[in-house]
Amino acid sequence: MPKTIKKVGVLTSGGDSPGMNAAIRSVVRTCAYHNIECIGIYRGYQGMIEGDFKEMGPRSVNNIVNKGGTVLKSARSLEFRTPEGRIKAHENLVKAGIDALVVIGGDGSFTGALLFNSEFNFPVMGIPGTIDNDIFGTSHTLGYDTALNTVVDVIDKIRDTASSHNRLFFVEVMGRDAGHIALNAGIGAGAEEILIPEEDLGLDRLLESLQKSKASGKSSSIVVIAEGDKIGKNVFELKDYVEANLPEYDVRVSVLGHMQRGGSPSCFDRVLASRLGVKAVESLIEGKSNYMVGLQNDKISLTPLEQAIKGKTEIDRELLRVSEIMST
Ligand code: F6P
């Protein structure tokens with residue numbers, strides 16, 4: 001018989017993403033629906049170490065489904081990486097009567113959850129929240145869809161000015177290790193070239209492609225670059241390199257930065273967050289632990305946390321081809 005869960009703790013950890021609030025709301029209300037208490041833990045694992053807790057009832061999450069960021073705040077806790085930090089965190093959970101944990105975050109947060117479970121046999125469930133979409137076991141992480149829409153919206157605006165001045169724009173988007181945002185937003189916004197960490201396009205090919213597009217009659221162009229792209233030059237060095245080799249181009253750089261992590265979540269992210277929160281709490285009630293809830297083939301699924309952390313998300317190679325054809 002699984003241990004009866006009476007009180008669930010919920011926290012957000014790592015880089016925030018739109019939809020985290022909708023997920024908190026879902027966890028809180030699913031707990032209330034099943035007559036379980038819910039405790040919000042502030043600032044991720046750091047708040048767990050400091051006992052920064054707050055009781056959350058269904059009315060405490062009114063009017064947050066549409067809000068970006070996270071009302072519980074987020075942090076990357078160095079102290080939680082130490083055994084002493086985790087012991088303190090465990091003591092606080094026990095003291096507060098919390099008997100299971102929902103962690104909303106990325107792979108770093110899941111690594112912490114798994115370690116915590118292995119040390120204290122504490123039930124944990126993960127909800128994938130990061131704009132990067134780089135978590136194995138889900139086609140979409142929370143915030144990814146919103147970030148794509150934000151990026152496309154901004155590039156549409158950049159296109160207006162690029163076209164007025166016949167300029168080439170390098171637009172840097174987030175994605176330290178993953179090119180999902182660059183590839184999808186790049187196609188959606190009609191980028192000429194897309195540079196991603198998973199693929200080394202090479203500088204020569206980039207120059208060739210830009211020359212070709214000039215020769216084909218294009219007067220302005222957009223190149224989308226993921227921050228961790230393989231060419232290895234930062235976006236400003238890339239601008240200098242292209243201007244030195246193709247003096248006919250007038251190049252500008254736009255680094256979109258953290259604006260990609262903010263804003264009101266899209267309908268897709270709100271619905272996903274609601275579904276994932278329900279599944280996370282109900283799985284804990286069923287006595288499950290060490291899973292991440294995710295979306296696979298439009299169905300909510302469970303993936304062992306270990307696989308979610310270690311598995312590699314692949315870039316859809318068909319998208320690379322589509323992008324190439326679209327830039328003809
Ligand atoms: O992991 C999400 C992410 O937004 C990455 O795309 C980006 O590289 C990183 O977080 C930025 O982290 P920070 O907000 O700590 O600078």
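**Group meeting: a mixed sheet and two pockets**

Let me begin at one end of the sheet, where strand 2, residues 37–41, and strand 3 pair in the antiparallel sense over three bridges. Within that pairing, Ile41 has Phe53 of strand 3 as its bridge partner. Please keep in mind throughout that this is a predicted model.

Helix 3, residues 83–96, packs on the sheet, where it touches strand 1 (7–12), strand 2, strand 3 and strand 4 (100–105), and its direction makes about 25° with that of strand 3. Helix 9, residues 267–285, also packs on the sheet, touching strand 1, strand 4, strand 5 (124–128), strand 10 (291–296) and strand 11, and the direction of helix 9 makes about 170° with that of strand 5.

Stepping back to the sheet as a whole, it is an open one of seven strands, in the order 3-2-1-4-5-10-11, and the pairing is mixed. Strand 3 (53–55) and strand 11 (299–304) each have a single partner strand, so these two stand at the edges, and one side of each is left without a neighbour in the sheet. If we ignore direction, neighbouring strands of this sheet are turned against each other by 30° on average.

Now to the pockets. The largest pocket has a volume of about 800 Å³, and of the 38 residues that line it, the closest to its centre are Arg76, Asp107, Gly108, Ser109 and Arg176. Two elements, helix 4 (107–120) and helix 10 (305–310), give two or more residues to this lining, with helix 4 supplying the largest share, six residues. By residue class, the lining of the largest pocket divides into 10 nonpolar, 14 polar and 14 charged.

Where does the largest pocket lie with respect to domain 1 and domain 2? Domain 1, which covers 7–143 + 265–310, and domain 2, which covers 145–261, both give residues to the lining, so the largest pocket lies between them.

The second largest pocket holds about 520 Å³ of space, and among the 20 residues lining it, Glu193, Leu201, Arg205, Glu324 and Ser327 are the closest to its centre. Here the elements that give two or more residues to the lining are strand 7 (193–195), helix 7 (203–215) and helix 11 (317–326), and the largest share, five residues, comes from helix 7. The lining of this second largest pocket divides into five nonpolar, six polar and nine charged residues.

Note on methods
Residues numbered from 1 in each chain as written. Predicted model: local features only at pLDDT ≥ 70, side-chain atom pairs only at ≥ 80, totals over all residues. Heavy atoms only, no water. Pairing = 2+ DSSP bridges. Helix = DSSP H or I, 4+ residues; strand = E, 2+ residues; numbered from the N terminus. Axes fitted to C-alpha atoms, helices over the stretch in contact; angles between N-to-C directions. Contact = heavy atoms within 4.5 Å. 1 Å grid on protein atoms, 1.4 Å probe; cavity = no way out; pocket = protein on both sides within 12 Å on 5 of 7 lines; lining within 4 Å. Points joined across faces, edges and corners; volume = space filled by probe spheres on them. Nonpolar A, V, L, I, M, F, W, Y, C, P; charged D, E, K, R; others polar. Domains from an automatic or database assignment.
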